[in-house]
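Student: I would like a close look at a single part of this chain. Could you pick one element and walk me through how the rest of the chain relates to that part?

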Amino acid sequence: MTRSQPRRARGTVGHAYSALNLRLALASFGLVIMVIFAVLAFLADVTWLGVVCTILAIVAVVDLVIIQRRRAARRREEPGVRHSLFE
């Protein structure tokens, strides 16, 4: 069962452990930037930097998946509640 917050986390339903919407925005930004940097690095024949940026982009994708699962769990736990960017 997926929960909106990890077990034993300091936080309650009213005060979340992690600002999921903010994490979503930051992970999306990181993904876009790392993809752009990876493409530019490969075009400039700096392969090692392109590989590093590609790995960081993959980490951002994994983080996006985890965030979306937690947001979906939060929607199931609190139907009809709207959250701001910082909640």
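Tutor: Happy to; here is a walk along helix 2 and what surrounds that helix. Please keep in mind that this is a predicted model.

Let's set the scene. The chain has 87 residues, of which 24% are buried, and its secondary structure comes to 2 helices and 0 strands. Helix 2 covers residues 47–77. Its 31 residues reach 45 Å from the first C-alpha to the last, close to the 45 Å expected at 1.5 Å a residue.

Which residues of helix 2 are buried? Gly-50, Cys-53, Ala-57, Ala-60, Leu-64, Ile-67, Arg-70, Arg-71, Ala-73 and Arg-74 are. You may like to notice that the list includes the arginines Arg-70, Arg-71 and Arg-74 as well as Ala-57 and Leu-64. The partner against which these buried residues pack is helix 1, residues 20–43.

Ala-60 makes a good place to zoom in. With a relative accessible area of 10%, Ala-60 falls under the 20% cut-off and therefore counts as buried. Setting aside neighbours within four places in sequence, Ala-60 is in contact with Ala-27 and Leu-31. Ser-28 can be placed by distance: its C-alpha lies 7.3 Å from that of Ala-60, although 32 residues separate the two in sequence. For the chain as a whole, 64% of the contacts with a separation of 6 or more are between residues 24 or more positions apart.

Now look across at the partner. Helix 1 has 24 residues and reaches 34 Å between its first and last C-alpha, close to the 34 Å expected at 1.5 Å a residue. Its buried residues are Leu-20, Asn-21, Leu-24, Ala-27, Met-34, Ala-38 and Ala-41, and they pack against helix 2. Ala-27 thus turns up in two places: among the buried residues of helix 1 and as a contact of Ala-60.

There is a polar link to see as well. The structure holds 1 salt bridge, in which the side chains of Asp-63 and Arg-23 meet at 2.7 Å, N to O. Because Asp-63 lies in helix 2 and Arg-23 in helix 1, this pair ties together parts that are 40 residues apart in sequence. How accessible is Asp-63 in relative terms? Asp-63 has 24% relative accessibility and counts as partly exposed. Arg-23 also has 24% relative accessibility and counts as partly exposed.

Between the helices, the residue to find is Asp-45, in the loop that joins helix 1 and helix 2. Just after helix 1, Asp-45 takes a positive phi of about 60°, and this is a residue other than glycine. Is Asp-45 buried or exposed? With a relative accessible area of 68%, Asp-45 is exposed.

Finally, turn to the surface. The accessible surface of the chain comes to about 6,300 Å², with 67% belonging to carbon and sulfur atoms. A nonpolar surface patch of about 640 Å² is made by Val-32, Val-35, Ile-36, Phe-37, Val-39, Leu-40 and Leu-43. Val-35, one of these residues, lies in helix 1 and is partly exposed, with a relative accessible area of 41%.

To bring this back to where we began: the buried residues of helix 2 pack against helix 1, and the salt bridge of Asp-63 with Arg-23 ties the helices together.

Note on methods
Residues numbered from 1 in each chain as written. Predicted model: local features only at pLDDT ≥ 70, side-chain atom pairs only at ≥ 80, totals over all residues. Heavy atoms only, no water. Helix = DSSP H or I, 4+ residues; strand = E, 2+ residues; numbered from the N terminus. Buried < 20%, exposed > 50% of the residue type's maximum accessible area, 1.4 Å probe, protein only. Contact = heavy atoms within 4.5 Å. Areas by Shrake-Rupley, 256 points an atom, 1.4 Å probe, with all protein chains shown as cover. Expected span 1.5 Å × (residues − 1). Salt bridge = Lys/Arg side-chain N within 4 Å of Asp/Glu carboxyl O. Patch = residues over 30% accessible without salt bridge, like charges linked within 9 Å, V, L, I, M, F, W, Y side chains within 5 Å.
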